[in-house]
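Me: I'd like a close look at one part of this model: the place where the two chains meet. Could you walk me through that part, and then through the charged pairs and buried polar residues?

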Amino acid sequence: MGYKTKKKLLTGLTHILLIICVIAVASPMIWAIIASTQSPGEIYSYPPKFSLGSSAKRNFGMAWNYFDIGIMMRNSLLIAVIVTAGKILISLLGALALVYFRFPLQPFVFFIILLTLMIPIPVIIVPLFRFVSDIGWGNSYWALTLPFFASATGTYLFRQHFMSIPGTIAEAARVDGAGPLRFLFQILVPMSLNTIGAFCVIQFVYMWNQYLWPLLVISGRRRQVVQVAMRQITTVGPDGLIDWGIAMAGSLIALIPPLIIFFLLQEQFMRGFALSQEK
Amino acid sequence: MGTKFPGKLYPLLLLLPTFVVIGLFIYYPMYQTINMSLYKSLFMGLRQIYVGIENYIELFTSPAYRQSLVRSFSFAGLVVLFSMTISFLMAILANQKVRFARFYRTALIWPYALSPAVAGSIFLFIFNPSVGVLNYLLESTIGIRPDWISNSTLAFAMVVIAAVWKQLGYNIVFFLAALQNVPGDIVEAAHIDGANAFQRYWKVIIPLLSPTGFFLLTMNLIYAFFDTFGLVDVMTRGGPVDATNTLIYNLYRDAFQYSRTGFAAAQSIMLFVIVTVVMIVQLKLGNRTVYYQNE
């Protein structure tokens, strides 16, 4: 066999293997999409129907209205946006202090912030839950957002980025009489948009996918986030039995926002991943 | 003029929001966790009595907790093993210079955006013993209809499979990035020296990827221990008969269903120790055996 034929065969094999992988990765989702369009009768038919069914409108409508996923989507969106914005703001201020000021115990302060990486929420969840209940934040957005506001990752990333910006820029800003905050928002932030964008997409998806904490602090559906709805739609249906068409429709709805962000902002994602590895 | 702004109070003011948040919502609860772990709750949490290290003794002597520990470590081990191996092989494939390479990459990593809860919901349907597509395929090919929900071993396997699938995208991203950073001339040199494809991967490329490997190992362990809560809660609620009751799920049940807050707090400390050990091992080992491009 000549070199060329061998190479062609190898390329063909690579394509075939890649296509198998792509299908294997996508197949649960494809099946969920098919089921989300089927009526209970179609889902319970044997052998199962591998074609789109007749009940897409009903399933998505029931998920949206009967299971209040519409309301929960709004809640999730609100919370993810608030937390992402809060994290960015607070981390930017912290990084500004760490890079452009001199104050006592600076390394120690930075260390204390970084140390929070070792304490994931589940480790402190029992007293944290009690604490937010004691101060009257039970079932509120305060409890759902504020505990997430500080970000060691964010402070670290912005600090690294600020340190890579030439010192002459800060000097020039000071000569021009800019105060620290004006320097931050008019000069540093525009120079950091890439880092902020990368941080933004990662944090948005992270917040969107939160499950345990909302499950604990929010009772009832009106303020609940959409992830927790997965618990309910896979337990009961409108007639008592689980309605898998509705359940799959609900799962797909909950998946759409992070997926859209992923496909639209893939570059930011990749940059965010690269940054997260540096820690 | 220097690059620093003057003022001693100003930077503290800038750091104040960070410190208020981490103080109130991380360090104070951390202190409280340690404190609580020394108390026992009575009457469904209405009374607390000081018991010293009794909760910790229970942690090490309770057969149920020990089982949960073993279960959690096997779960984490299986998830790490399979998700890292499969994603590494997929990343090698996706790294080949073929047409549509960009499409293949995107099509392999998008499940990253999925949450554990949504993955749980979809897999619960696929594994459903009566209407799930998996059992249809198994029955029509090899004639079996396993009961993934009520059989302990099968339920555990089901949760492992869902957890592995959900993590593939994340791992592929990092493996791909690392593979693309492998210096071509080193691989070329190995090729010229007569190393075949397998040897090139085993002897040259994998050692070069070890920093990423260690990083992913840590992230996958943390994922398996903590982030799979939503997956377990949606799919099995820790059942059947504790078969999927991992450490985090056990903690949740003791704290919020059985009101055994003291015992739950001791479990939290146990989880904290696990995270700390994993991170320290990563820092130490990750720095020693790895290859740095700058050296």
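Reply: Here is the interface, followed by the salt bridges, two buried residues and a surface patch.

First, some housekeeping: this is a predicted model, where local features need pLDDT of at least 70 and side-chain atom pairs count only at pLDDT 80 or more, while totals for chains, interfaces and linings use all residues. Residues are numbered from 1 along each chain as its sequence is written, chains are lettered from A and ligands numbered from 1 in the order in which they are written, and side-chain values use heavy atoms, with hydrogens and water left out.

On to the interface. Counting contact as heavy atoms within 4.5 Å, 88 residues of chain B touch 96 residues of chain A. Together the chains bury about 8,700 Å², and 78% of that is on carbon and sulfur atoms. (Buried area is the accessible area, taken with a 1.4 Å probe, that two parts lose on being put together, summed over both.) Three phenylalanines, F5(B), F25(B) and F125(B), supply 10% of the area that chain B buries against chain A, more than any other three residues.

There is polar pairing here too. The rule finds 15 residue pairs in polar contact across the interface, both partners being at pLDDT 80 or more. Helix α1 (residues 9-36) of chain B gives the most to the side of chain B that touches chain A, with 20 residues. A polar contact is a pair of N or O atoms within 3.5 Å; within protein, one must be able to donate a hydrogen and the other to accept it, and residues adjacent in sequence count only if both atoms are side-chain atoms. Helices (H or I, at least four residues) and strands (E, at least two) are DSSP runs, numbered from the N terminus.

One polar contact between the chains is worth a look: the side chains of S251(A) and S121(B) are joined at 2.6 Å. S251(A) lies in helix α14 (residues 244-264) of chain A. With a relative accessibility of 0%, S251(A) counts as buried; the cut-offs are under 20% relative accessible area for buried, over 50% for exposed and partly exposed in between (1.4 Å probe, protein chains only). Leaving aside neighbours within four places in sequence, S251(A) touches M230(A) and I233(A) on one chain, and V118(B), S121(B) and I122(B) on the other.

As for charges, the interface of chain B and chain A has one salt bridge, by a rule that asks for a side-chain nitrogen of Lys or Arg within 4 Å of a carboxyl oxygen of Asp or Glu. R231(A) forms a salt bridge with D233(B), the closest N and O atoms being 2.5 Å apart. Side chains of opposite charge can pair when their charged atoms come close.

Over all chains, the structure holds nine salt bridges. K40(B) takes part in a salt bridge with E54(B), where the closest N and O atoms are 3.3 Å apart. That pair links distant parts of the chain, 14 residues apart: E54(B) is in helix α2 (residues 54-61) of chain B and K40(B) in strand β1 (residues 39-42) of chain B. K40(B) also meets E58(B) in a salt bridge, at 3.8 Å from N to O. Here the partners are 18 residues apart, with E58(B) in helix α2 of chain B. Partly exposed are E54(B) at 38% relative accessible area, K40(B) at 25% and E58(B) at 21%. These residues belong to a network of salt bridges that links K40(B), E54(B), E58(B), D254(B) and R260(B).

Another salt bridge in chain B pairs R253(B) with D242(B), with 2.5 Å between the closest N and O atoms. R253(B) sits in helix α12 (residues 247-256) of chain B, and D242(B), eleven residues away, in the loop between α11 (229-235) and α12. R253(B) is buried at 12% relative accessible area, whereas D242(B) is partly exposed at 31%.

Back in chain A, N75(A) is in helix α4 (residues 69-100) and is buried, with a relative accessible area of 0%. The side chain of N75(A) makes a polar contact with the side chain of Y141(A), at 2.7 Å. Setting aside neighbours within four places in sequence, N75(A) is in contact with Y141(A), R221(A), R222(A), R223(A) and Q224(A).

Last, the surface: L10(A), L13(A), I16(A), L17(A) and I20(A) make a nonpolar patch of about 480 Å². Patches are made of residues with over 30% relative accessible area and no salt bridge, with like charges joined within 9 Å and nonpolar side chains (Val, Leu, Ile, Met, Phe, Trp, Tyr) within 5 Å. I16(A) is found in helix α1 (residues 3-35) of chain A.

Note on methods
Accessible areas come from the Shrake-Rupley method with a 1.4 Å probe; for residues, only the protein chains shown count as cover.
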